[in-house]
Amino acid sequence: SAISLSGKELAASLRARAKEAADALTAAGTPPRLAVVVATDDGSSLWYVRSIAKAAAKSGIVCDVVDLGADATVAEIRRALETLSADDTVHGVILQTPLPEGASAADLAGTIDPAKDVDGANPASLGRLAARLPAFAPATAEAVVALLDHHEVPLPGRHVVVVGRSTVVGVPAAHLLLARDATVSVCHSRTADLPGMTRRADVLVVAAGRAGLVTAGHVAPGTVVVDVGTNPAGDGGLVGDVAPEVSEVAGALTPVPGGVGPVTTALLLGHTVAAAAHLTQR
Ligand code: NAD
(Lines give C-alpha, C1' and ligand atoms only; values in the text may rest on other atoms or scores of the structure.)
Protein backbone atom coordinates (compact mmCIF):
# COMPACT_ATOMS: atom_id res chain seq x y z
CA SER A 1 0.00 0.00 0.00
CA ALA A 2 0.96 3.66 -0.47
CA ILE A 3 3.77 5.36 1.40
CA SER A 4 2.36 8.06 3.71
CA LEU A 5 3.72 11.52 2.91
CA SER A 6 3.38 13.16 6.31
CA GLY A 7 3.64 16.93 6.68
CA LYS A 8 4.45 16.87 10.38
CA GLU A 9 8.23 16.68 10.16
CA LEU A 10 8.47 19.43 7.54
CA ALA A 11 6.01 21.61 9.48
CA ALA A 12 8.04 21.22 12.66
CA SER A 13 11.25 22.28 10.94
CA LEU A 14 9.53 25.25 9.26
CA ARG A 15 8.06 26.31 12.62
CA ALA A 16 11.46 26.04 14.30
CA ARG A 17 13.01 28.20 11.59
CA ALA A 18 10.19 30.75 11.94
CA LYS A 19 10.67 30.82 15.72
CA GLU A 20 14.39 31.53 15.39
CA ALA A 21 13.70 34.45 13.06
CA ALA A 22 10.81 35.67 15.23
CA ASP A 23 12.93 35.62 18.38
CA ALA A 24 15.68 37.59 16.65
CA LEU A 25 13.18 40.21 15.45
CA THR A 26 11.65 40.47 18.93
CA ALA A 27 15.10 40.88 20.50
CA ALA A 28 15.77 43.69 18.02
CA GLY A 29 12.57 45.44 19.15
CA THR A 30 10.13 44.37 16.42
CA PRO A 31 7.94 41.48 17.57
CA PRO A 32 6.45 40.01 14.38
CA ARG A 33 2.70 40.44 14.32
CA LEU A 34 0.04 38.67 12.27
CA ALA A 35 -3.57 39.88 12.04
CA VAL A 36 -6.38 37.55 10.97
CA VAL A 37 -9.60 39.29 9.93
CA VAL A 38 -12.65 37.12 10.56
CA ALA A 39 -16.26 37.81 9.50
CA THR A 40 -17.94 34.44 9.90
CA ASP A 41 -19.34 32.12 12.54
CA ASP A 42 -18.50 29.02 10.50
CA GLY A 43 -17.18 26.46 12.98
CA SER A 44 -14.42 24.88 10.89
CA SER A 45 -13.16 28.31 9.85
CA LEU A 46 -12.98 29.46 13.47
CA TRP A 47 -11.24 26.21 14.41
CA TYR A 48 -8.64 26.92 11.71
CA VAL A 49 -8.12 30.51 12.96
CA ARG A 50 -7.56 29.24 16.50
CA SER A 51 -5.01 26.72 15.23
CA ILE A 52 -3.11 29.52 13.42
CA ALA A 53 -3.17 31.66 16.59
CA LYS A 54 -1.86 28.77 18.70
CA ALA A 55 0.92 27.93 16.24
CA ALA A 56 1.88 31.62 16.01
CA ALA A 57 2.13 31.95 19.78
CA LYS A 58 4.39 28.88 19.96
CA SER A 59 6.64 30.40 17.29
CA GLY A 60 6.95 33.74 19.06
CA ILE A 61 4.63 35.57 16.68
CA VAL A 62 1.91 37.84 18.04
CA CYS A 63 -1.43 36.94 16.44
CA ASP A 64 -4.42 39.27 16.62
CA VAL A 65 -7.77 37.84 15.61
CA VAL A 66 -9.86 40.77 14.41
CA ASP A 67 -13.39 39.37 14.67
CA LEU A 68 -15.88 41.61 12.87
CA GLY A 69 -18.77 39.18 13.27
CA ALA A 70 -20.79 37.27 10.68
CA ASP A 71 -22.93 40.34 9.92
CA ALA A 72 -19.98 42.61 9.05
CA THR A 73 -20.46 44.82 5.98
CA VAL A 74 -18.11 44.99 3.01
CA ALA A 75 -17.19 48.55 4.05
CA GLU A 76 -16.29 47.40 7.57
CA ILE A 77 -14.10 44.58 6.28
CA ARG A 78 -12.39 46.92 3.83
CA ARG A 79 -11.75 49.49 6.55
CA ALA A 80 -10.23 46.84 8.84
CA LEU A 81 -7.88 45.64 6.07
CA GLU A 82 -6.86 49.22 5.25
CA THR A 83 -6.18 50.01 8.90
CA LEU A 84 -4.04 46.90 9.36
CA SER A 85 -2.18 47.52 6.10
CA ALA A 86 -1.28 51.02 7.33
CA ASP A 87 -0.33 49.87 10.86
CA ASP A 88 3.48 49.70 11.18
CA THR A 89 3.27 47.21 14.06
CA VAL A 90 1.44 44.65 11.86
CA HIS A 91 3.50 42.59 9.39
CA GLY A 92 1.07 39.98 8.08
CA VAL A 93 -2.63 40.29 7.22
CA ILE A 94 -4.95 37.37 6.46
CA LEU A 95 -8.59 37.64 5.42
CA GLN A 96 -10.31 34.46 6.56
CA THR A 97 -13.11 32.94 4.44
CA PRO A 98 -16.03 32.40 4.22
CA LEU A 99 -17.21 36.01 4.13
CA PRO A 100 -20.74 37.41 4.49
CA GLU A 101 -22.90 37.09 1.39
CA GLY A 102 -22.08 39.67 -1.27
CA ALA A 103 -18.48 40.13 -0.14
CA SER A 104 -15.77 39.06 -2.61
CA ALA A 105 -12.61 37.75 -0.96
CA ALA A 106 -10.46 38.53 -4.02
CA ASP A 107 -11.84 42.06 -4.28
CA LEU A 108 -11.40 42.80 -0.56
CA ALA A 109 -7.93 41.22 -0.45
CA GLY A 110 -6.89 43.81 -3.03
CA THR A 111 -6.80 46.16 -0.04
CA ILE A 112 -4.04 44.17 1.71
CA ASP A 113 -0.56 45.70 1.30
CA PRO A 114 1.27 43.13 -0.91
CA ALA A 115 4.24 43.37 1.49
CA LYS A 116 1.92 42.03 4.24
CA ASP A 117 -0.07 39.65 2.05
CA VAL A 118 1.29 36.50 3.74
CA ASP A 119 -1.43 34.24 2.31
CA GLY A 120 -1.08 35.57 -1.24
CA ALA A 121 -4.71 36.64 -1.38
CA ASN A 122 -4.28 40.01 -3.10
CA PRO A 123 -4.92 39.52 -6.85
CA ALA A 124 -1.68 41.46 -7.39
CA SER A 125 0.20 38.64 -5.61
CA LEU A 126 -1.41 36.00 -7.86
CA GLY A 127 -0.51 38.09 -10.90
CA ARG A 128 3.10 38.36 -9.78
CA LEU A 129 3.18 34.61 -9.16
CA ALA A 130 1.89 33.98 -12.69
CA ALA A 131 4.51 36.42 -14.03
CA ARG A 132 7.15 34.57 -11.95
CA LEU A 133 8.00 37.67 -9.96
CA PRO A 134 8.72 37.53 -6.22
CA ALA A 135 5.47 37.43 -4.23
CA PHE A 136 3.92 35.58 -1.32
CA ALA A 137 2.16 32.51 -2.72
CA PRO A 138 -1.05 31.25 -1.11
CA ALA A 139 0.28 29.09 1.71
CA THR A 140 -1.76 26.00 0.77
CA ALA A 141 -0.49 26.02 -2.81
CA GLU A 142 3.09 26.49 -1.64
CA ALA A 143 2.60 23.69 0.92
CA VAL A 144 1.79 21.24 -1.89
CA VAL A 145 5.13 21.90 -3.59
CA ALA A 146 7.05 22.07 -0.30
CA LEU A 147 5.66 18.69 0.76
CA LEU A 148 6.58 17.09 -2.58
CA ASP A 149 10.10 18.57 -2.31
CA HIS A 150 10.47 17.39 1.28
CA HIS A 151 9.65 13.82 0.23
CA GLU A 152 11.95 14.14 -2.80
CA VAL A 153 9.25 13.66 -5.41
CA PRO A 154 10.78 14.89 -8.68
CA LEU A 155 8.76 17.44 -10.68
CA PRO A 156 10.64 18.48 -13.85
CA GLY A 157 9.04 16.98 -16.94
CA ARG A 158 6.46 15.03 -15.00
CA HIS A 159 2.72 15.22 -15.54
CA VAL A 160 1.01 16.82 -12.55
CA VAL A 161 -2.79 16.82 -12.65
CA VAL A 162 -4.42 19.38 -10.35
CA VAL A 163 -8.11 18.86 -9.54
CA GLY A 164 -9.60 22.25 -8.58
CA ARG A 165 -9.24 25.69 -10.16
CA SER A 166 -9.85 28.01 -7.22
CA THR A 167 -7.66 31.10 -7.12
CA VAL A 168 -6.55 30.23 -3.58
CA VAL A 169 -5.40 26.64 -4.17
CA GLY A 170 -5.68 25.00 -7.61
CA VAL A 171 -4.58 27.86 -9.86
CA PRO A 172 -1.64 29.11 -7.76
CA ALA A 173 -0.51 25.47 -7.26
CA ALA A 174 -0.54 25.06 -11.05
CA HIS A 175 1.64 28.19 -11.45
CA LEU A 176 4.12 27.04 -8.82
CA LEU A 177 4.32 23.58 -10.44
CA LEU A 178 4.86 25.11 -13.91
CA ALA A 179 7.68 27.19 -12.45
CA ARG A 180 9.21 23.87 -11.36
CA ASP A 181 9.07 22.53 -14.92
CA ALA A 182 6.22 20.12 -14.38
CA THR A 183 3.73 19.54 -17.18
CA VAL A 184 0.49 20.67 -15.57
CA SER A 185 -3.15 19.82 -16.33
CA VAL A 186 -5.89 21.58 -14.37
CA CYS A 187 -9.25 19.81 -13.96
CA HIS A 188 -12.44 21.16 -12.42
CA SER A 189 -16.15 20.56 -11.96
CA ARG A 190 -16.82 20.85 -15.70
CA THR A 191 -14.02 18.51 -16.79
CA ALA A 192 -15.31 15.73 -19.06
CA ASP A 193 -13.93 12.32 -18.01
CA LEU A 194 -12.16 13.24 -14.78
CA PRO A 195 -10.94 9.64 -14.13
CA GLY A 196 -9.46 9.54 -17.65
CA MET A 197 -7.47 12.70 -16.86
CA THR A 198 -6.38 11.77 -13.36
CA ARG A 199 -5.23 8.29 -14.42
CA ARG A 200 -2.66 10.00 -16.66
CA ALA A 201 -0.99 11.78 -13.73
CA ASP A 202 2.46 11.03 -12.36
CA VAL A 203 1.52 13.32 -9.47
CA LEU A 204 -2.13 14.01 -8.61
CA VAL A 205 -3.06 17.07 -6.52
CA VAL A 206 -6.66 17.09 -5.34
CA ALA A 207 -8.20 20.35 -4.05
CA ALA A 208 -11.92 20.07 -4.77
CA GLY A 209 -13.48 20.10 -1.31
CA ARG A 210 -15.51 16.93 -2.06
CA ALA A 211 -15.04 14.04 0.36
CA GLY A 212 -14.23 10.81 -1.47
CA LEU A 213 -14.21 12.41 -4.95
CA VAL A 214 -11.08 10.54 -6.03
CA THR A 215 -11.49 6.76 -5.88
CA ALA A 216 -9.20 3.85 -6.82
CA GLY A 217 -10.57 4.06 -10.38
CA HIS A 218 -9.13 7.57 -10.74
CA VAL A 219 -5.55 6.58 -9.96
CA ALA A 220 -2.94 4.66 -11.93
CA PRO A 221 -0.71 2.31 -9.91
CA GLY A 222 2.26 4.11 -8.35
CA THR A 223 0.87 7.66 -8.62
CA VAL A 224 1.93 10.18 -5.97
CA VAL A 225 -1.30 11.69 -4.56
CA VAL A 226 -1.51 14.96 -2.62
CA ASP A 227 -4.86 15.36 -0.86
CA VAL A 228 -5.53 19.03 -0.09
CA GLY A 229 -9.18 18.55 0.81
CA THR A 230 -10.41 19.16 4.33
CA ASN A 231 -14.01 18.08 4.74
CA PRO A 232 -15.89 17.64 8.01
CA ALA A 233 -16.18 13.95 8.90
CA GLY A 234 -19.13 12.37 10.63
CA ASP A 235 -17.12 11.84 13.81
CA GLY A 236 -16.25 15.55 14.12
CA GLY A 237 -12.84 14.96 12.54
CA LEU A 238 -11.52 15.74 9.08
CA VAL A 239 -11.46 13.76 5.82
CA GLY A 240 -9.79 14.57 2.53
CA ASP A 241 -11.02 14.43 -1.06
CA VAL A 242 -9.33 11.09 -1.67
CA ALA A 243 -11.12 7.87 -0.70
CA PRO A 244 -9.21 5.54 1.66
CA GLU A 245 -9.16 2.74 -0.98
CA VAL A 246 -6.75 4.88 -3.07
CA SER A 247 -3.93 3.87 -0.73
CA GLU A 248 -4.20 0.38 -2.30
CA VAL A 249 -3.15 1.69 -5.75
CA ALA A 250 -1.23 4.94 -5.18
CA GLY A 251 2.53 4.85 -4.71
CA ALA A 252 2.39 7.56 -2.06
CA LEU A 253 -0.39 9.57 -0.44
CA THR A 254 -0.56 12.55 1.92
CA PRO A 255 -2.67 11.90 5.05
CA VAL A 256 -5.62 14.08 6.14
CA PRO A 257 -5.15 15.41 8.73
CA GLY A 258 -1.37 15.63 9.07
CA GLY A 259 -0.36 16.24 5.44
CA VAL A 260 -0.77 19.57 3.64
CA GLY A 261 -2.54 21.26 6.61
CA PRO A 262 0.31 21.60 9.12
CA VAL A 263 2.72 22.66 6.35
CA THR A 264 0.27 25.40 5.29
CA THR A 265 0.13 26.85 8.80
CA ALA A 266 3.90 26.67 9.21
CA LEU A 267 4.43 28.48 5.88
CA LEU A 268 2.06 31.27 6.98
CA LEU A 269 4.27 31.81 10.02
CA GLY A 270 7.39 31.74 7.85
CA HIS A 271 5.87 34.31 5.51
CA THR A 272 4.99 36.52 8.49
CA VAL A 273 8.55 36.64 9.84
CA ALA A 274 9.88 37.20 6.31
CA ALA A 275 7.44 40.10 5.91
CA ALA A 276 8.44 41.52 9.29
CA ALA A 277 12.15 41.30 8.44
CA HIS A 278 11.57 42.98 5.10
CA LEU A 279 9.26 45.70 6.45
CA THR A 280 11.62 46.66 9.28
CA GLN A 281 14.42 47.13 6.76
CA ARG A 282 12.56 49.55 4.53
P1 NAD B 1 -13.28 25.83 -3.85
O2 NAD B 1 -14.62 25.33 -3.50
O3 NAD B 1 -13.04 27.29 -4.00
O4 NAD B 1 -12.82 25.16 -5.21
C5 NAD B 1 -13.06 23.82 -5.48
C6 NAD B 1 -12.60 23.48 -6.88
O7 NAD B 1 -12.83 22.09 -7.10
C8 NAD B 1 -13.36 24.23 -7.96
O9 NAD B 1 -12.43 24.79 -8.86
C10 NAD B 1 -14.22 23.17 -8.63
O11 NAD B 1 -14.30 23.36 -10.03
C12 NAD B 1 -13.49 21.89 -8.31
N13 NAD B 1 -14.44 20.79 -8.16
C14 NAD B 1 -15.52 20.73 -7.34
N15 NAD B 1 -16.18 19.58 -7.50
C16 NAD B 1 -15.54 18.90 -8.46
C17 NAD B 1 -15.77 17.63 -9.09
N18 NAD B 1 -16.80 16.88 -8.75
N19 NAD B 1 -14.91 17.25 -10.03
C20 NAD B 1 -13.84 18.03 -10.39
N21 NAD B 1 -13.58 19.21 -9.81
C22 NAD B 1 -14.43 19.65 -8.88
O23 NAD B 1 -12.31 25.19 -2.76
P24 NAD B 1 -10.80 25.61 -2.35
O25 NAD B 1 -10.83 26.83 -1.52
O26 NAD B 1 -9.91 25.57 -3.54
O27 NAD B 1 -10.43 24.40 -1.38
C28 NAD B 1 -10.37 23.08 -1.86
C29 NAD B 1 -10.24 22.14 -0.69
O30 NAD B 1 -9.02 22.40 -0.03
C31 NAD B 1 -11.32 22.30 0.38
O32 NAD B 1 -11.61 21.02 0.92
C33 NAD B 1 -10.67 23.15 1.40
O34 NAD B 1 -11.23 22.94 2.68
C35 NAD B 1 -9.26 22.63 1.33
N36 NAD B 1 -8.26 23.56 1.84
C37 NAD B 1 -7.29 23.02 2.61
C38 NAD B 1 -6.30 23.81 3.12
C39 NAD B 1 -5.22 23.20 3.94
O40 NAD B 1 -4.43 23.90 4.51
N41 NAD B 1 -5.13 21.89 3.98
C42 NAD B 1 -6.30 25.18 2.85
C43 NAD B 1 -7.28 25.70 2.01
C44 NAD B 1 -8.25 24.88 1.52
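The legends below describe close-up views of a predicted model.

**View 1. The two domains of the protein chain.** The domain assignment divides the chain into domain 1, residues 29-113, and domain 2, residues 139-261. Their C-alpha centres are 27 Å apart.

**View 2. The two spans annotated in UniProt.** An unreviewed UniProt entry lists residues 5-119 as "domain: Tetrahydrofolate dehydrogenase/cyclohydrolase catalytic". In the model this span is 47% helix and 14% strand, and its end C-alpha atoms lie 23 Å apart. The unreviewed entry also gives residues 138-277 as "domain: Tetrahydrofolate dehydrogenase/cyclohydrolase NAD(P)-binding". For residues 138-277 the content is 32% helix and 17% strand, with 19 Å between the end C-alpha atoms.

**View 3. The sheet of three strands.** The strands follow the order S3-S2-S4 in an open sheet, and their pairing is parallel. Strand S3 (62-67) and strand S4 (92-95) are the edge strands; each has a single partner, so one side of each has no neighbour in the sheet. On average, neighbouring strands of this sheet are turned by 20 degrees against each other, direction ignored.

**View 4. Strands S2 and S3 with helix H2.** Strand S2, residues 33-38, runs parallel to S3 and is joined to S3 by six bridges. One residue of this pairing is valine 37, whose bridge partner in S3 is valine 66. Helix H2, residues 43-58, lies across both S2 and S3 and runs at about 155 degrees to S3.

**View 5. The sheet of six strands.** This open sheet has the order S1-S11-S8-S7-S5-S6, with parallel pairing. Its edges are formed by strand S1 (3-4) and strand S6 (183-187); because each has a single partner strand, one side of each is left without a neighbour in the sheet.

**View 6. The pairing of S1 with S11.** Two bridges connect S1 and strand S11, residues 252-253, in the parallel sense. Serine 4 has leucine 253 of S11 as its bridge partner.

**View 7. The cis peptide bond before proline 98.** Most peptide bonds are trans. The bond that joins threonine 97 and proline 98 is cis, with omega about 0 degrees. Proline 98 is placed in the loop between S4 and helix H4 (105-109).

**View 8. The cis peptide bond before proline 257.** From valine 256 to proline 257 the peptide bond is cis, and omega is near -5 degrees. The loop that holds proline 257 lies between S11 and H9.

**View 9. The backbone at glutamate 152.** Most residues other than glycine have a negative phi. Glutamate 152 has a positive phi, near 55 degrees. The loop in which glutamate 152 is found lies between helix H6 (139-150) and strand S5 (159-163).

**View 10. The shell around the ligand.** The ligand is surrounded by 25 residues, of which the closest are Ser166, His188, Ser189, Gly209 and Thr264. Helix H9, residues 260-281, contributes three residues, the largest share of the shell. By type, the shell residues divide into 13 polar, 10 nonpolar and two charged.

Conventions: Residues numbered from 1 in each chain as written. Predicted model: local features only at pLDDT ≥ 70, side-chain atom pairs only at ≥ 80, totals over all residues. Near = placed C-beta within 6 Å. Helix = DSSP H or I, 4+ residues; strand = E, 2+ residues; numbered from the N terminus. Nonpolar A, V, L, I, M, F, W, Y, C, P; charged D, E, K, R; others polar. UniProt positions renumbered as here; feature names shortened; annotations may be inferred. Pairing = 2+ DSSP bridges. Axes fitted to C-alpha atoms, helices over the stretch in contact; angles between N-to-C directions. Contact = placed C-beta atoms within 7 Å. Domains from an automatic or database assignment.
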